[in-house]
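Work through the exercises below with the sequence and the 3D structure at hand. Try each task before reading its solution.

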Amino acid sequence: MKHTITLIPGDGIGPEVSKAVKSILAAAGVEIDWEEIASRAEVERRGVDFMHAGVLESIRKNRVALKGPMETAVGTGAPSINVGLRKALDLYANLRPVKNLEGVQSRFHHVDIVIVRENTEDLYAGLEHTVVPGVVESLKIITERASTRVARFAFQYARKFGRKKIHAVHKANIMKLSDGLFLTSVRKVAAEYPEIEYKEIIVDNACMQMVLNPNQFDVLLLTNLYGDIMSDLAAGLVGGLGVVPSGNIGETVAVFEAVHGTAPDIAGKNVANPTALLMSSIMMLRHIDEIEAAQRVEGALFTVYREGKSLTRDVGGTASATEFTDNLISTMGN
Ligand code: NAI
């Protein structure tokens, strides 16, 4: 079956890693018509705002997108496209499986955690204003609707993929109303899934427990800000952002993306590691029911890392990005 998928190559190393992923998926025999979106800079040169340049229409039509990293200015400048896409497309669940990749050095072994993060509200609602000069207010929005639906997503995911335990992570001892509402919403959903062990843990303790003994965790369910922080922390346990995938899932559409940034320091040098985007594309293949192709690409990726012969320098190798990609493709053919 042929799929039409929106591709947002993004900025910096985005176009390089996207190109590598496209060639690997083509070599795996997946038939994809990529509907490619121009870079933000190119769109803005034409005097058009990126979010109004057809990207939303393309994703809504195709229902699936693969996205490279996009640049966001710190403190000032235009709002984040990443946050904009999640809001505009109502991609309410951010899913990040975090697992060791054999061949990548890390402090912990046998880590296998799935992080489910609410993706549309909390402090990321973007409701900030200056009350008087020197005083800024930033609103934390938590709703029963968003908390319930992300909880349902997490429990359904756990049931479907045989996960045994979910920890809801919170700070309801201090934020009694907002995090309290999150917890009461999650508890109601948890009651519908008696076969899945349900636990609650305060976010600061959760961070400590993660770096002491991550193997005690199975699925973590979090609001937006805690989820953002803890999912990077979790990535650090298995070797960093270069080796973890991510998916943003809504009712009808899904956007898969690497969680690292645009890496301006190495852009254009043919050293950017495509692994994170490739792993996200493997999640995407499973999402579109290309299970066999997903298995084939993942198997080749695991072999390349296990053998350790053509790894890029961010994971301790000396290979160029092209050498890594070519080796992976020839491994798949063997
Ligand atoms: P970054 O992830 O771009 O870079 C951090 C370090 O990791 C750099 O040394 C970089 O060379 C390295 N690195 C990142 N990806 C790599 C890869 N695939 N292969 C090899 N090395 C890699 O983070 P930074 O510098 O904080 O952000 C740069 C820009 O990226 C900012 O404009 C930021 O807003 C944006 N960004 C975008 C994201 C997205 O679109 N999802 C996520 C994070 C940051």
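Axes are lines fitted to C-alpha atoms, for helices over the stretch in contact, and angles run from 0 to 180 degrees between N-to-C directions. The model is predicted, so local features need pLDDT of at least 70, side-chain atom pairs count only at pLDDT 80 or more, and totals for chains, interfaces and linings use all residues. Residues are numbered from 1 along each chain as its sequence is written, and side-chain values use heavy atoms, with hydrogens and water left out.

**Exercise 1.** Find how helix H1 and helix H11 pack.

Step 1. Locate H1 at residues 14-27 and H11 at residues 321-333. Helices (H or I, at least four residues) and strands (E, at least two) are DSSP runs, numbered from the N terminus.

Step 2. The angle between H1 and H11 is about 10°, and their axes are 10 Å apart. H1 is therefore roughly parallel to H11, a term for angles under 35 degrees.

Step 3. Ala20, Ser23, Ile24 and Ala27 of H1 make the contact with Thr325, Leu328, Ile329 and Met332 of H11. Contact means heavy atoms within 4.5 Å.

**Exercise 2.** Which residues of helix H7 are buried, and what do they pack against?

Step 1. H7 covers residues 203-212, and its buried residues are Val203, Ala206 and Met210. Buried means under 20% relative accessible area, exposed over 50%, partly exposed in between (1.4 Å probe, protein chains only).

Step 2. Viewed down the axis of H7, the buried residues fall within an arc of 50°, so they line one face of the helix. The arc is that of the directions from the helix axis to the C-beta atoms.

Step 3. The partners of these buried residues include strand S5 (112-118), strand S9 (197-202) and helix H8 (224-237).

**Exercise 3.** Examine the salt bridges of Glu44 and Glu102.

Step 1. A salt bridge is a side-chain nitrogen of Lys or Arg within 4 Å of a carboxyl oxygen of Asp or Glu. The structure holds 22 salt bridges.

Step 2. Glu44 pairs with Arg40, with the closest N and O atoms 3.1 Å apart. The two are 4 residues apart in helix H2 (residues 40-45), which means a separation of about one helical turn. Glu44 is partly exposed at 39%, whereas Arg40 is buried at 11%.

Step 3. Glu102 pairs with Arg306, the closest N and O atoms being 3.5 Å apart. Glu102 lies in the loop between strand S4 (93-99) and S5, and Arg306 in helix H10 (residues 291-307), so the pair ties together parts 204 residues apart in sequence. Glu102 is exposed at 53%, and Arg306 is partly exposed at 47%.

Technical notes
Parallel < 35°, antiparallel > 145°, perpendicular 65-115°, else oblique.
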